[in-house]
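Visitor: I'd like a close look at one part of this protein, and I'd like you to take your time over it. Pick a residue, start there, and walk me outwards through whatever it leads to.

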Amino acid sequence: IQGGGYYPENQNLVIGFQVFTFIAYLGNPSNTANDYLSQNLKPNKKTQVACKLPSSNKNPRKLTLVIGIPDNHYQSNISRLSIYKDGQFYESRELTKGQKIEWIVDVANVKTLGLEGQCLSTNDKYCPAIYFLQDDLE
């Protein structure tokens with residue numbers, strides 16, 4: 001993964017009164033994971049990361065992403081995650097605290113996948129970071 005703001009983790013959180021283990025989160029670039037800045041997205045600023053998909057005889061065809069925001073996050077503004085395939089916009093999803101989304105992405109013949117987190121705040125307040133609960137490449 002290249003870019004700032006992607007923090008690998010392995011901790012539990014609660015979304016919709018269910019406990020999940022998250023594997024990473026996408027927030028503001030910061031020198032320290034788990035600080036106030038990294039656990040939020042700034043308004044009017046995008047956080048971007050990109051990753052190269054494996055190239056082999058068994059090229060992946062599908063990415064299953066499960067993303068969410070914990071029930072107890074102190075920010076309730078809406079965050080958006082956008083996906084780019086080989087630099088071209090593909091789709092986006094919007095969510096706020098207490099929501100979990102499963103997202104199936106066709107990655108056949110895709111070499112690079114980009115993720116962009118964005119705060120959709122209208123009041124200049126921070127938005128919650130986006131937490132990854134699953135990222136299975138098949």
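Guide: Let's start at Phe20, which sits in strand β2. Keep in mind as we go that this is a predicted model. Is Phe20 buried or exposed? Its relative accessibility is 18%, and the cut-off for buried is under 20%, so Phe20 counts as buried. For a sense of distance, pick out Val110: it is 90 residues away from Phe20 along the chain, and their C-alpha atoms are separated by 29 Å.

Now follow the strand itself. β2 covers residues 18-26 and pairs with β11, residues 130-137, in the antiparallel sense over 3 bridges. If you want one contact to click on, take Tyr25, whose bridge partner in β11 is Tyr131.

From β11 you can step across to β5. That strand runs over residues 62-68, and β5 and β11 pair in the antiparallel sense over 6 bridges. Here the pair to find is Leu63, standing opposite Leu137 of β11.

β5 has another partner as well: β5 and β8 are antiparallel too, paired over 7 bridges. Lys62 has Asp106 as its bridge partner in β8.

It's worth stopping on β8, residues 100-106, and turning it side-on. Side chains in a regular strand alternate between the two faces of the sheet. On β8, Ile101, Trp103 and Val105 point to one face and are buried. Lys100, Glu102, Ile104 and Asp106 point to the other face and are not buried. Note that Ile104 belongs to that second group, alongside Lys100, Glu102 and Asp106.

Carry on past β8 and you come to Asn109, in the loop between β8 and β9 (112-119). Most residues other than glycine have a negative phi. Asn109 goes the other way, with a positive phi of about 65° although it isn't a glycine. At 71% relative accessibility, where over 50% is the mark for exposed, Asn109 counts as exposed.

Asp86 shows a similar backbone quirk: it is not a glycine, yet its phi is positive, at about 50°. Look for Asp86 in the loop between β6 (79-85) and β7. With a relative accessible area of 38%, Asp86 is partly exposed.

Move along into β7, residues 88-95, and you'll find Glu94. Its relative accessible area is 42%, which makes Glu94 partly exposed. Glu94 and Pro60 are 34 residues apart in sequence, and from C-alpha to C-alpha they are 26 Å apart in space.

Next, the cysteines. How many disulfides does a search of the whole structure find? It turns up 1. A disulfide is a covalent bond between the sulfur atoms of two cysteines. In this model the two are Cys119 and Cys127, with sulfur atoms 2.1 Å apart. The angle about the S-S bond is 60°, and the link of Cys119 and Cys127 is right-handed. As for the solvent, Cys119 has 5% relative accessibility, so Cys119 counts as buried. Cys127, at 0%, counts as buried too.

Back to Tyr131 for a moment, since that residue also turns up at a pocket. Rolling a probe the size of a water molecule over the atoms shows where empty space is left. The second largest pocket holds about 160 Å³ of space. It has 11 lining residues, and those nearest its centre are Gln39, Pro70, Asn72, His73 and Tyr131. Which strand gives the most to that lining? That would be β1 (residues 6-15), with 3 residues. Sorted by class, the lining has 5 nonpolar and 6 polar residues, and no charged ones.

Finally, zoom out to the whole chain. It has 11 strands and 0 helices, and read along the sequence the pattern is simply β-β-β-β-β-β-β-β-β-β-β. The C-alpha trace spans about 45 × 30 × 25 Å along its principal axes. A compact globule of 138 residues would have a radius of gyration near 14 Å, and this chain has 14 Å, so the two agree. Of those 138 residues, 43% are buried, and Phe20, where we began, is a buried residue as well.

Conventions: Residues are numbered from 1 along each chain as its sequence is written. This is a predicted model: local features need pLDDT of at least 70, side-chain atom pairs count only at pLDDT 80 or more; totals for chains, interfaces and linings use all residues. Side-chain values use heavy atoms; hydrogens and water are left out. Two strands pair if DSSP finds at least two bridges between them. Helices (H or I, at least four residues) and strands (E, at least two) are DSSP runs, numbered from the N terminus. A disulfide is a pair of cysteine sulfur atoms within 2.5 Å. Buried means under 20% relative accessible area, exposed over 50%, partly exposed in between (1.4 Å probe, protein chains only). On a 1 Å grid over the protein atoms alone, a cavity is a set of points where a 1.4 Å probe fits but cannot get out, and a pocket is an open set with protein on both sides within 12 Å along at least five of seven lines; lining residues have an atom within 4 Å of a point. Grid points are joined across faces, edges and corners, and a volume is the space filled by probe spheres set on the points. Ala, Val, Leu, Ile, Met, Phe, Trp, Tyr, Cys and Pro count as nonpolar, Asp, Glu, Lys and Arg as charged, and the others, Gly among them, as polar. The radius of gyration is taken over C-alpha atoms; the globule rule is 2.2 Å times the number of residues to the power 0.38.
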